[in-house]
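Me: I would like a close look at a single part of this model, taken slowly and with its surroundings described. Please start from one residue and work outwards from there.

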Amino acid sequence: MKLDKEFGLNDIVEMKKQHPCGTNEWKIIRMGMDVRIKCQGCDHSVLIPRREFSRKLKKVLVRNEETNEL
């Protein structure tokens, strides 16, 4: 099983730990030096440094088809 750590804007991702609301689906709503993700269960958003986000990311559930690859 290949562990895919590539992610992009508007992707739905699963983190290693679930949110206290019980949902473990997050949408990436902003990317830069920090990554802002939004819980799909309760709409709470969290800002995480990119390095920490990459470490805590479990897998990408749904890729955004419109994301342009650089």
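Reply: The part chosen here is His 19, which, in this predicted model, sits in the loop between strand 1 and strand 2, the latter spanning 26-31. Its relative accessible area is 14%, and because buried means under 20%, His 19 counts as buried. Setting aside residues up to four places away in sequence, His 19 touches Trp 26, Cys 39, Cys 42 and His 44.

Two of these contacts lead further inwards, since Trp 26 and Cys 39 both belong to the largest nonpolar core. That core has 12 residues in all, and besides these two it is made up of Phe 7, Val 13, Met 15, Ile 28, Val 35, Ile 37, Ile 48, Phe 53, Leu 57 and Val 60. At least two core residues are supplied by each of strand 1, strand 2, strand 3 (34-39) and strand 5 (57-62), with strand 3 giving the largest share, namely 3 residues.

Val 60, one of the core residues, is in contact with Glu 6, Phe 7, Asp 11, Ile 12 and Val 13, once its neighbours within four places in sequence are left aside; of these partners, Phe 7 and Val 13 are themselves members of the core.

A second buried residue to set beside His 19 is Glu 14, which lies in strand 1, residues 12-15, and which counts as buried because its relative accessibility is 15%. With residues up to four places away in sequence again not counted, Glu 14 touches Asn 24, Leu 57, Lys 58, Lys 59 and Leu 61, and among these Leu 57 is part of the nonpolar core.

Definitions and conventions:
Residues numbered from 1 in each chain as written. Predicted model: local features only at pLDDT ≥ 70, side-chain atom pairs only at ≥ 80, totals over all residues. Heavy atoms only, no water. Helix = DSSP H or I, 4+ residues; strand = E, 2+ residues; numbered from the N terminus. Buried < 20%, exposed > 50% of the residue type's maximum accessible area, 1.4 Å probe, protein only. Contact = heavy atoms within 4.5 Å. Core = buried A, V, L, I, M, F, W, Y, C linked by side-chain atoms within 4.5 Å.
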